[in-house]
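Subject: A structure for you to explore

Hi there,

Here is the structure I promised to pass on to you. Please open it in your viewer and keep it beside you while you read my notes.

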Amino acid sequence: MRDILLDYDRLAASGRPIGRAVVTSVWGSAPRPEGATMLATADGEMAGSVSGGCVESATVIEIGNAIGRGSPTLVRFAVSDERACEVGLACGGTITLLVEPTVRPEVLAAARGPGGEVVATVVDGPGTGSGVRVLADGRVEGTLDAAVPVAPVRDAALAALRRETSHTTTLETPAGPASVFLEVFPRQARLVIVGGVHIAAALVPLARALGYHTIVADGRPAFLTRERFPDADELVLGWPEAAFARIGLDASCFVCVLSHDPKFDQPALELALRSPARYIGAIGSRKTQAARRERLLAAGLTAEQIARVHGPIGLDLGGRQPAETALAILAEVTAVRYGGGAAHAGV
């Protein structure tokens, strides 16, 4: 929903009712994941996508019907392999859509907010139509139908938030199984780069293209200029302790230590390893990593803490140019973020 907020505002300015369709589950192959969203007006103007091909046209009609009816519904499109290309399901499969006559206020609030929450909606079974917002700290806003217990919905929502993946889950209730769609609005991931070096300059634009809020920190003014980093969201001048205090390392942070200078690397890693940062990577050869490990142990960090360091940083893609190294780093960051498997590079 976040990616089509501008479209929503444009359509809303016309004063026409706007309905929404969101992918709640996918079986088989589909080009758009759970959470993909389409908006449409009753007269057929649309924005966003739930598939690709004629499913879009059919979805616009379903949204118009929901607007006219004034109530939501679940719609399933099942496609055989023979007809898959015609409707955008690359290898055949089924997608299920929640089609709603409006864009609910809680969805808009979550999409416009800083993230770190889940909109949980019962889409089938007992309590259909009821829903709540589950915040990252476990607070629940709104009211579920009495047939649906809050605790398992909250727990499932928090698990989905940790994975940053929307999906539908089935929960057992005293009245029978209930299907609950968990629409995840994660906090924007922040890529924190320590060291305004040549690899950092290549890393920033790639990271921004993937949706990261990019922060470059360095204690050397000459390394940290807008000429060197025109695309960075933030430039933080300071040694690691001051820089990290300003940034506020949390679970949304992916830290890349690229300075290749113990005066920066050592304090940066000590601080990052004591933080809840999701990813911590450090540039340097295996010999450099071994010496760094000994210094970290001597500084009082445990072997378990030190094992969080991805070093040498990046996946082994074989390239050595700055842009290629940046790609290897972001590949590893992506694998950690989404639970993919990877091998380490020798950068």
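The largest cavity is lined by Val194, Ala217, Asp218, Gly219, Gly238, Trp239, Pro240, Ala243, Phe244 and Phe264. Helix H7 (240-247) and strand E12 are the elements that give two or more residues to this lining. Of the two, H7 has the largest share, with three residues. About 40 Å³ of space lies inside this cavity, and the structure holds one cavity of 30 Å³ or more. Please keep in mind that this is a predicted model. If you wonder how such spaces are found, rolling a probe the size of a water molecule over the atoms shows where empty space is left.

There is also a pocket to look at. The largest pocket holds about 790 Å³ of space. Its lining is made up of 23 residues, and those nearest the centre of the pocket are Met1, Arg2, Glu164, Val184 and Pro186. Strand E10 (176-185) and helix H11 (322-338) each supply at least two residues of the lining. E10 gives the most, with three.

Now for the whole chain. The protein chain has 11 helices and 16 strands. Its C-alpha trace spans about 65 × 40 × 40 Å along the principal axes. Of its 347 residues, 50% count as buried. Take the contacts between residues at least 6 apart in sequence: 59% of them join residues at least 24 apart.

Next, the sheets. As a reminder, strands of a sheet pair through backbone hydrogen bonds, either parallel or antiparallel. You can find both kinds here.

In one open sheet, six strands pair in the parallel sense, in the order E13-E12-E11-E14-E15-E16. Strand E13 (234-237) and strand E16 (309-310) are its edge strands, and each pairs on one side only. Strand E15 (residues 279-282) is joined to E16 by two bridges, in the parallel sense. To see the pairing up close, look for Gly281, which stands opposite His310 in E16. Helix H6 (residues 198-209) lies across strand E11 (190-194), strand E12 (213-218) and strand E14 (253-257), and it runs at about 180° to E11.

Another open sheet has five strands with antiparallel pairing, in the order E8-E7-E6-E10-E9. Which strands are at its edges? They are strand E8 (140-143) and strand E9 (167-173), each pairing on one side only. From one strand to the next, the twist averages 25°. Strand E6 (residues 117-124) and E10 pair in the antiparallel sense over seven bridges, and Asp124 stands opposite Ser179 in E10. Helix H5 (residues 150-163) lies across E6, strand E7 (131-135), E8, E9 and E10, at about 35° to E10. You have already met E10 as the strand that gives the most to the lining of the largest pocket.

Two more strands are worth a look. Strand E1 (residues 18-28) and strand E5 pair in the antiparallel sense over eight bridges, with Val22 opposite Leu98 in E5. Strand E5 (residues 93-100) is mostly covered, as seven of its eight residues are buried.

How many disulfides does the model have? The count comes to zero. Cys253 is in no disulfide, and the nearest cysteine sulfur, which belongs to Cys256, is 11 Å away. Cys256 is in no disulfide either, since its nearest cysteine sulfur, that of Cys253, is 11 Å away, and a disulfide needs the two sulfur atoms within 2.5 Å. Cys253 has 0% relative accessibility, so it counts as buried. Cys256 also has 0% relative accessibility and is therefore buried.

Finally, please find Ser49. It is in the loop between strand E3 (46-48) and helix H2 (54-69). Is Ser49 buried or exposed? Its relative accessible area is 17%, so Ser49 counts as buried, because the cut-off for buried is under 20%. Leaving out residues up to four places away in sequence, Ser49 touches Arg32, Ala36, Thr37, Met38 and Glu56. If you would like to try a distance in the viewer, go from Ser49 to Ser275: they are 226 residues apart in sequence and 38 Å apart in space, C-alpha to C-alpha.

Enjoy exploring, and write back with any questions!

Best wishes

Note on methods: Residues numbered from 1 in each chain as written. Predicted model: local features only at pLDDT ≥ 70, side-chain atom pairs only at ≥ 80, totals over all residues. Heavy atoms only, no water. Buried < 20%, exposed > 50% of the residue type's maximum accessible area, 1.4 Å probe, protein only. Pairing = 2+ DSSP bridges. Helix = DSSP H or I, 4+ residues; strand = E, 2+ residues; numbered from the N terminus. Contact = heavy atoms within 4.5 Å. Axes fitted to C-alpha atoms, helices over the stretch in contact; angles between N-to-C directions. 1 Å grid on protein atoms, 1.4 Å probe; cavity = no way out; pocket = protein on both sides within 12 Å on 5 of 7 lines; lining within 4 Å. Points joined across faces, edges and corners; volume = space filled by probe spheres on them.
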